[in-house]
Amino acid sequence: METTRRGLLKAGAAVAVGAGVLGPRTLLPDAAAVGETALRTAAGRSGRYFGSSAAVLNLLTDPSYADLITRHCSVLAPENEFKWALLRPVPGQPYNFLLADQAVAWAEARGMDVRGNCFTWNNSNPYWFQLPQFFNPGNALAVLEEHITTVMTRYKGRVRSWDVVNEATNGAGYYPTPWAKMLGPRYIDNAFTIAHRADPDAQLVLNEYNLEYDNRYSRDRQAVMLRVLDDLQSRDVPVHALGVQAHLAHHAVRGQFDPAKHQRFLRSVASMGLKIVITELDITDQDLPGDVVTRDREIAVAYQRYLDCVLQVPQVEGVVSWGLSDKHSWLNSSEERFEREDGLDQRPLPFDDRMAAKPAYAATARALGRARRAAPRTR
Ligand code: XIL
């Protein structure tokens with residue numbers, strides 16, 4: 001207690017005397033010193049994990065971000081390093097494992113588990129998927145098999161959970177990813193079967209977005225998802241968990257989210273013997289006024305509402321945030337920028353751009369703290 005209070009005072013003093021003199025990093029109060037519970041610790045109390053995605057280049061070049069992730073996370077989801085475009089930029093050339101290796105090593109050095117995202121997706125694919133001499137209905141299955149087998153064998157026992165198939169459905173059925181176009185929807189069966197053969201101990205996940213709301217769009221997607229999972233199981237396809245991305249929007253969590261109905265959906269998934277992973281949590285604030293205090297407060301309310309709901313389901317085994325600090329959120333990145341009308345950066349994550357805890361951190365810690373006990377891990 002004494003240390004904590006002294007830490008606080010010291011941090012306060014640094015802010016007071018340091019403004020404009022010291023660099024922003026020096027001004028940061030150390031989270032341990034201000035008594036912030038690590039989110040991994042809060043999650044562990046109900047038998048869960050807490051993690052985040054991060055680009056390994058950010059971890060290696062931004063020490064304050066690396067510290068934040070190290071402190072709060074027991075799982076790392078490399079943000080892009082396992083995607084096709086990075087691993088296989090040029091056809092016929094060796095794999096580029098440089099960044100993926102660094103990400104896995106970084107996590108291992110800190111005793112963190114790794115989640116891999118992803119083996120099939122519509123996006124982040126290399127240009128040669130569009131060139132029939134390299135990618136066509138005749139070779140796509142062999143291309144998929146070689147890729148999954150090579151990557152999973154390399155990281156066998158080191159990547160615990162894989163998003164084998166990402167964003168495969170829409171409200172009408174199967175999303176026309178390059179794989180669906182080449183192989184038809186049974187590419188999903190193939191991908192999981194190949195993955196299970198490559199690393200029988202890994203957790204294999206079907207990862208999907210926009211499953212959360214009580215609106216027509218989301219309800220259709222939920223119905224399709226339950227049908228797809230049921231079909232996969234009827235064919236004994238080795239799927240172990242549903243990944244619920246939880247890329248949420250503030251206005252929708254406020255107006256179109258029914259916790260009881262969402263729990264019902266998650267329980268339907270759980271009743272199939274599947275686990276559920278919250279894989280990519282963040283909450284956009286495009287509908288909120290620019291004022292930071294209001295925005296942060298409302299985003300925290302949305303975090304609370306969402307996490308209090310899902311963490312009552314024992315089969316929800318853990319929560320992975322899509323980045324931890326607003327500074328490195330994909331929603332603010334130049335390629336993906338989800339614009340606010342006022343042009344301000346979004347504030348979608350538990351920590352601000354200086355790694356200071358926001359109300360969303362407190363909401364997350366609180367929700368983790370009152371979560372229902374998780375069902376035992378199976379993988
Ligand atoms: C995003 C990354 O955050 C971006 O940096 C990249 O430009 C595109 O992909 N669903 C997913 C993730 O499964 O892989 C996506 O990550 C976000 C949406």
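In this predicted model, pLDDT remains under 50 over residues 1-29, a stretch for which the model has 25 contacts beyond four places in sequence. Where pLDDT is low, the predicted coordinates should not be read in detail. For the protein chain as a whole, the average pLDDT is 92, and 91% of the residues score at least 70.

The interior is described by two nonpolar cores. The largest nonpolar core has 102 residues, and those with the most contacts inside it are Ile69, Trp162, Leu206, Ile278 and Tyr306. Helix 14, which spans residues 292-310, gives the most to this core, with eight residues. When neighbours within four places in sequence are left aside, Leu206 is in contact with a set of residues that includes Val165, Ala168, Phe192, Met225, Val228 and Leu229, together with Leu232, Val239, Ala241, Leu242 and Gly243. A second core, separate from the one just described, has 10 residues, among them Tyr49, Ala77, Ala241 and Trp322. In soluble globular proteins, nonpolar side chains tend to be buried together.

Two residues that lie in loops were examined individually. Phe257 is found in the loop between helix 12 (250-255) and helix 13 (259-270). Phe257 counts as buried because its relative accessible area is 4%, which is under the cut-off of 20%. Although Phe257 and Glu212 are 45 residues apart along the chain, their C-alpha atoms are separated by 7.0 Å. Glu212 is also one of the residues that Phe257 touches when residues up to four places away in sequence are not counted, the others being Tyr213, Asp214, Ala252, His262, Arg305, Tyr306 and Cys309.

Arg347, in turn, is placed in the loop between strand 11 (316-321) and helix 15 (359-369). With a relative accessibility of 14%, Arg347 is likewise classed as buried. Not counting residues up to four places away in sequence, Arg347 touches Asp285, Asp296, Asp326 and Asp352, as well as Arg295, Lys358, Val292 and Ile299.

The analysis then turned to pockets. The largest pocket has a volume of about 710 Å³. This pocket is lined by 30 residues, of which His247, Trp322, Trp330, Glu336 and Phe338 are the closest to its centre. Strand 9 (247-249) and strand 10 (275-284) are the elements that give two or more residues to this lining. By residue class, the lining of the largest pocket divides into 10 nonpolar, 13 polar and seven charged residues. Trp322, named above as a member of the second core, is thus also listed among the residues closest to the centre of the largest pocket.

Key
Residues numbered from 1 in each chain as written. Predicted model: local features only at pLDDT ≥ 70, side-chain atom pairs only at ≥ 80, totals over all residues. Heavy atoms only, no water. 1 Å grid on protein atoms, 1.4 Å probe; cavity = no way out; pocket = protein on both sides within 12 Å on 5 of 7 lines; lining within 4 Å. Points joined across faces, edges and corners; volume = space filled by probe spheres on them. Helix = DSSP H or I, 4+ residues; strand = E, 2+ residues; numbered from the N terminus. Nonpolar A, V, L, I, M, F, W, Y, C, P; charged D, E, K, R; others polar. Core = buried A, V, L, I, M, F, W, Y, C linked by side-chain atoms within 4.5 Å. Buried < 20%, exposed > 50% of the residue type's maximum accessible area, 1.4 Å probe, protein only. Contact = heavy atoms within 4.5 Å. pLDDT = per-residue confidence, 0-100.
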